[in-house]
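Please find below my notes on the model, set out as numbered points. They are meant to be read with the structure open alongside.

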Amino acid sequence: MKTYLQRMGRSIQLPISVLPAAALLVGIGHWLPAKWAAATFLQAGGNAVLGILALLFATGLATGMSKNNDGAAAIAGVVAYFVPVSVLAPTSVATLFGIKVSAVNPAFSSISGNVFIGIMSGLIAAALYNRFYQTKLPMALSFFSGKRLVPIMAAGVMLLVTLLLLFVWPLVYGWLVSFGKFMVGLGAVGAGLYGFFNRLLIPTGLHQALNSVFWFNVAGINDLGNFWASHGTKGVTGMYMAGFFPIMMFGLPAGALAIYKNARPERKKATASLMLAGAFASFFTGVTEPLEFSFMFVAWPLYVVHAIFTGLSVGFAAFMHWTAGFTFSAGFVDFILSARMPLANKPYMLLVQGVVMAFIYYFGFDFAIKKFNLMTPGREELPAEGDVPENNLSVVGDDNYTTKAKRIYAAIGGYENIKVVDYCTTRLRLQLQDTSKINQTAIKATGVPGLNVLDKNNLQVIVGTEVQFVGEPLKELFNAKEEISLDEVQSSNSSKNNEEKNKTTSFKTGTDIFNSVANGKYVQLENVEDAAFSSKALGDGYAIEPEDGKIFSPVDGTVTAVFPTKHAVGVTTDLGLEILIHVGINTVELEGKPFKMFVENGQVVKKGELLLEADILEIKNSGKKATTMVIITNMEHVSQIDNDVTSLTPLQVGDKVMAVKTK
C-alpha cells in the first residue's frame with residue numbers, strides 16, 4: 001500500500017506541473033490594466049486550465065499509474081471521468097428519479113470539476129489498463145483487443161461505479177465537506193497543522209495527497225483554485241499557501257547558510273556549492289528538494305525542526321490574514337505573479353515575515369546543529385580506514401552518472417535483490433527483495449545526499465536533480481540482469497586507474513570562450529521550461545532553440561561523458577570546466593531513438609566539431625521540447641561569466657555566446 005501511495009504522489013505531480021502556465025496567464029492578466037482586452041484574454045486562458053483541473057488529475061494519474069505510462073491509459077482516464085460527471089449531473093439525476101432539478105441533492109452539483117472524482121477515475125483507469133492492456137479477444141472482436149479494450153472497459157466499470165455513487169456520493173461529499181469545515185473552523189491553527197504535516201510527509205511522497213485536500217476541491221476548501229479564480233474571501237482564501245513563501249524564499253536559504261557555517265573547514269567549499277544551488281532554487285522557483293534532501297536523512301531532527309517552523313509560518317500568516325498564492329511552488333516567480341491578484345491581502349507583509357523567518361531558521365539551525373552534533377552536509381565523519389572510498393567503483397569508459405549507477409546497483413545487491421527501479425524528480429525509488437541486504441556505507445560513498453529505508457522492500461536514494469541520468473543506466477543494468485558484485489568492482493584495476501585520473505584533475509586560471517552549440521535562437525537559461533535547468537541547480541550557462549538537428553561542441557576540450565540515451569554529452573575544457581550539452585527537455589524518455597552520436601568518451605574535440613545529430617521533428621512529435629542547454633556543472637571553479645547575448649537573438653555555429661573566467 002505504501003508503494004502504491006508513493007507512486008500516486010509522484011503521478012499527481014504531472015497534472016500539477018500544468019498549473020504554472022495558468023498562474024502565468026492569470027497573474028500577468030491581473031498585472032495589466034483591467035480595461036485592456038489583453039488582460040481579460042489572458043485571465044480567461046488561465047482560468048480555462050484551472051477549470052479542467054479534475055480532468056487533468058484523471059488523465060495524469062491514469063498515465064502515471066499505468067505500467068507503460070501509455071496514452072491509452074490517459075484516454076481511459078478521460079472516459080472514466082466523464083461517465084459519472086455526465087450521468088450524475090443534476091439534470092440527469094432529476095430525470096432518473098422523476099423529480100425537479102431544484103429538488104436534487106446539492107452534492108451532485110459538485111460532481112463536475114471535483115478533484116476527488118478525477119483522482120478516482122484516473123486510478124480506476126490505470127488499474128484497468130494494467131489488467132487488460134495485453135488481453136486478446138476472439139478473432140471477430142480482435143480489433144478491440146489490448147489497449148483498445150481499456151477505454152471500453154473503463155466506460156463499463158465506471159457505469160457500475162456511477163450507480164454506486166448515485167447513492168453513496170451524497171454521504172461521501174457530506175463527510176468531505178464536514179472535514180473541510182472542521183479544518184477551516186480551526187482557522188490559523190488548522191493552517192499551521194497543515195503546514196507542519198505537509199513538510200513531514202515529504203520523505204514518504206504522501207504530501208501530495210494531503211495537498212489535494214487543502215489546495216483543491218476534494219473537501220470543499222479549494223484554496224488554490226479559488227485564489228486564482230478570484231472566488232473567496234480576501235484575507236482568508238490563500239491561507240493554506242501564503243505561509244510557505246517566507247519559508248521557501250527566506251527561511252530555507254538562511255538554514256542553508258547555517259549548514260555552510262557549521263561545515264568542516266576542508267569541506268566548506270564543496271558545501272557552499274551545494275547550499276548555494278539549493279538556496280537559489282528554493283528562493284527563485286520554490287523547489288526545495290535539493291536543500292531538504294541534503295539534511296532530511298543525515299540529520300532528521302533538523303528536518304523535524306524545519307517542519308515545525310513551516311507550521312508556525314503558515315499558521316502565523318493565516319492568523320494575520322496575509323495571503324498570496326502559487327500554482328507551482330512558493331518562490332519569487334509565483335509571489336510576483338500573485339501579488340496583484342484580487343484576493344492577495346498585504347502580500348508585502350509576507351516578505352517582512354520572511355526576514356523574521358530567516359533569522360529564526362539561521363539561529364535555530366545553528367543551535368540545533370551544534371547542540372546535538374547533527375551530521376549536516378560538510379560535517380560528516382570521514383570514512384574510516386577499510387570503508388568504501390568515494391571513487392573506488394568507477395570503471396574506465398563510463399560517464400560519471402553511469403559510474404554512480406553501477407556503484408549503487410552493486411551496493412543494493414544487484415539484480416537478485418531488485419524488484420523495480422523507478423525515479424521521480426530527485427530520488428531513486430527502488431523496490432527490493434530485502435532492504436537489509438544493502439550496503440549503506442557504499443551507497444553513501446557515491447556522494448548522494450542521503451537514503452531512506454522505508455520498510456523491508458522500499459528504498460529511496462536521494463540523488464538530486466540529475467536523478468534521471470543515474471536512474472536510466474540503473475534501469476539498463478537491471479533489465480540486462482547484470483551481475484556486478486561490490487567486491488568485484490572494488491578490486492577492478494581499471495577503477496584504480498580512473499580514481500587516480502579523477503584525483504589528478506587540475507583546474508587552471510584563465511578564460512574559456514563559449515560559442516553557439518547550434519544554429520538557432522538564443523534562450524536565457526532561466527527561461528528554459530525545465531526547473532532543473534532554469535533554477536540553475538545544475539549550474540549556469542545558456543540554451544538555444546535549434547533550427548536543425550546538428551549539435552556542435554561550444555568549447556575546446558575532451559569528451560568525458562556520452563550518455564547511454566545519446567541525448568547529452570559531457571565535455572571538460574583544458575581549464576577544467578565541466579560542460580554538459582543536453583539536447584531537449586525530458587528527451588531521456590525517448591531512449592536514444594532520435595539521436596546519433598559522433599563522438600566517444602575520451603575523444604578530444606574542437607569548437608564547432610559535430611557532437612551529435614538529433615531528429616528535431618521526431619522530438620517535437622513525441623511532445624518534447626528540443627531546447628538545447630549548455631551547462632557548467634562545476635560552478636565552484638567559476639569566478640565570472642560575461643554574456644551580452646539577449647533572448648531570441650539568432651545565432652550561428654561559431655558565434656561567441658559567453659566568456660567564462662575560472663578561479
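1. K593 is exposed, with a relative accessible area of 63%, where exposed means over 50% relative accessible area, buried under 20%, and partly exposed in between (1.4 Å probe, protein chains only). The residue K593 sits in the loop between strand 11 (578-585) and strand 12 (595-597), helices (H or I, at least four residues) and strands (E, at least two) being DSSP runs numbered from the N terminus. Although K593 and K566 are 27 residues apart in sequence, their C-alpha atoms lie 8.5 Å apart in space.

2. On provenance, this is a predicted model, in which local features need pLDDT of at least 70 and side-chain atom pairs count only at pLDDT 80 or more, while totals for chains, interfaces and linings use all residues. Residues are numbered from 1 along each chain as its sequence is written, and side-chain values use heavy atoms, with hydrogens and water left out.

3. For the chain as a whole, the secondary structure comes to 24 helices and 18 strands, and 54% of the 663 residues count as buried. Among contacts (heavy atoms within 4.5 Å) between residues at least 6 apart in sequence, 73% join residues at least 24 apart. The protein chain exposes about 28600 Å², of which carbon and sulfur atoms supply 60%; accessible areas come from the Shrake-Rupley method with a 1.4 Å probe, and for residues only the protein chains shown count as cover.

4. T323 offers a contrast in setting to the loop residue of the opening point: T323 also lies in a loop, between helix 15 (300-320) and helix 16 (332-338), but T323 is buried, with a relative accessible area of 1%. A polar atom of the T323 side chain lies 2.9 Å from the backbone oxygen of L343. Once neighbours within four places in sequence are left aside, the contacts of T323 include G235, V236, T237, G238, M239 and A242, and also L343, A344, N345, P347 and L350.

5. M249, in helix 12, counts as buried at 4% relative accessibility. Its C-alpha atom is 6.7 Å from that of F332, and the two residues are 83 apart in sequence. Apart from neighbours within four places in sequence, M249 is in contact with S282, F283, A330, G331, F332, F335 and L351.

6. Which salt bridges does the structure hold? There are three, a salt bridge being a side-chain nitrogen of Lys or Arg within 4 Å of a carboxyl oxygen of Asp or Glu. The side chains of K261 and D366 meet in one of them, at 3.5 Å from N to O; this pair links distant parts of the chain, with K261 in helix 12 (residues 244-261) and D366 in helix 17 (residues 348-371), 105 residues apart. K370 forms a salt bridge with D366 too, the closest N and O atoms being 3.4 Å apart, and here both partners lie in helix 17, four residues apart, about one turn of the helix. An α-helix has 3.6 residues a turn, so residues three or four places apart point the same way.

7. K261, D366 and K370 are thus linked in a network of salt bridges. Within this network D366 is buried, with a relative accessible area of 10%, whereas K261 is partly exposed at 38% and K370 is partly exposed at 48%.

8. E529 and K625 also form a salt bridge, with the closest N and O atoms 3.8 Å apart. This pair links distant parts of the chain, 96 residues apart, with E529 in the loop between strand 6 (520-523) and helix 23 (531-534), and K625 in strand 15 (residues 625-632). E529 counts as exposed at 59% relative accessibility, while K625 is partly exposed, with a relative accessible area of 39%.

9. Helix 7 (residues 115-132) has 18 residues, which at 1.5 Å a residue should span 26 Å, and its end C-alpha atoms are 25 Å apart, which agrees; the expected span is taken as 1.5 Å times one less than the number of residues. Because 14 of its 18 residues are buried, helix 7 is largely enclosed by the rest of the structure.

10. Finally, L96, F97, I99, L163, L164, F167 and V168 form a nonpolar patch on the surface, with about 690 Å² of accessible area together. The elements that give two or more residues to the nonpolar patch are helix 6 (90-97) and helix 8 (149-185), and helix 8 gives the most, with four residues. Patches are made of residues with over 30% relative accessible area and no salt bridge, like charges being joined within 9 Å and nonpolar side chains (Val, Leu, Ile, Met, Phe, Trp, Tyr) within 5 Å.

Note on methods:
A polar contact is a pair of N or O atoms within 3.5 Å; within protein, one must be able to donate a hydrogen and the other to accept it, and residues adjacent in sequence count only if both atoms are side-chain atoms.
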